[in-house]
Amino acid sequence: MQVFKQHCQIAEEYHEVKKEIALLEERKKELIAKLDQAEKEKRDAAQLVREFEALTEENRTLKMAQSQCVQQLEKLRIQYQKRQGSS
């Protein structure tokens with residue numbers, strides 16, 4: 001009878017441990033999914049930073065080109081006005 005009680009107790013402990021293992025495995029899957037998501041967000045953020053830097057540089061270049069065009073246009077206006085005045 002003692003052996004039977006001991007067997008029942010061991011079986012009960014076994015099932016408890018098995019349940020706990022299943023819960024821990026599920027928690028492990030959740031944590032891995034969160035980690036994967038965090039890593040993806042980190043990669044996405046890095047990509048956005050690179051895109052921002054590239055667009056900032058492009059914006060700077062375009063502003064410089066626009067400034068040069070404005071200067072050139074002003075020179076052309078002055079030349080045109082001089083021609084109009086001398087005619």
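Colleague: Happy to look at this one with you. How many helices and strands are there in the protein?

Modeller: This predicted model has 1 helix and 0 strands. The helix runs over residues 2–86.

Colleague: What makes you say that the protein is more spread out than a compact globule?

Modeller: Set two values side by side: the radius of gyration is 37 Å, while the globule rule gives 12 Å for 87 residues. The value is well over the rule, so the protein is more spread out than a compact globule. The C-alpha trace fits that picture, spanning about 125 × 10 × 5 Å along its principal axes. As one example, the C-alpha atoms of L73 and F4 are separated by 102 Å, with their positions 69 residues apart along the chain.

Colleague: Which residues does the "coiled-coil region" annotation cover?

Modeller: The unreviewed UniProt entry places it at residues 14–65. In the model, that span is 100% helix and 0% strand, and its end C-alpha atoms lie 76 Å apart.

Colleague: Why is L73 called partly exposed?

Modeller: Its relative accessible area is 41%. Buried would need a value under 20% and exposed one over 50%, so L73, at 41%, is partly exposed. Across the protein, 0% of the 87 residues count as buried. The accessible surface comes to about 8700 Å², with 59% of it belonging to carbon and sulfur atoms.

Colleague: Now for the charges. Why is the contact of D44 and K40 called a salt bridge?

Modeller: The N to O distance is 2.9 Å. The cut-off is within 4 Å, so the pair D44 and K40 qualifies. Both residues lie in helix 1, 4 residues apart, about one turn of the helix. D44 is partly exposed at 36% relative accessibility, and K40 is partly exposed at 39%.

Colleague: What makes E74 and R77 a salt bridge?

Modeller: Their closest N and O atoms are 3.7 Å apart, and that is within the 4 Å limit, so the pair counts. E74 and R77 are 3 residues apart in helix 1, about one turn. E74 has 39% relative accessibility and R77 has 45%; both values fall between 20% and 50%, so each residue is partly exposed.

Colleague: How many salt bridges does a search of the whole structure find?

Modeller: The search finds 5. Among them is the one between K19 and E16, at 3.7 Å from N to O. The protein has 17 positive and 16 negative side chains, and the centres of the two sets lie 11 Å apart.

Notes: Residues numbered from 1 in each chain as written. Predicted model: local features only at pLDDT ≥ 70, side-chain atom pairs only at ≥ 80, totals over all residues. Heavy atoms only, no water. UniProt positions renumbered as here; feature names shortened; annotations may be inferred. Helix = DSSP H or I, 4+ residues; strand = E, 2+ residues; numbered from the N terminus. Rg over C-alpha atoms; globule rule 2.2 N^0.38 Å. Buried < 20%, exposed > 50% of the residue type's maximum accessible area, 1.4 Å probe, protein only. Areas by Shrake-Rupley, 256 points an atom, 1.4 Å probe, with all protein chains shown as cover. Lys, Arg positive; Asp, Glu negative; His and termini not counted. Charge placed at Lys NZ, Arg CZ, Asp CG, Glu CD. Salt bridge = Lys/Arg side-chain N within 4 Å of Asp/Glu carboxyl O.
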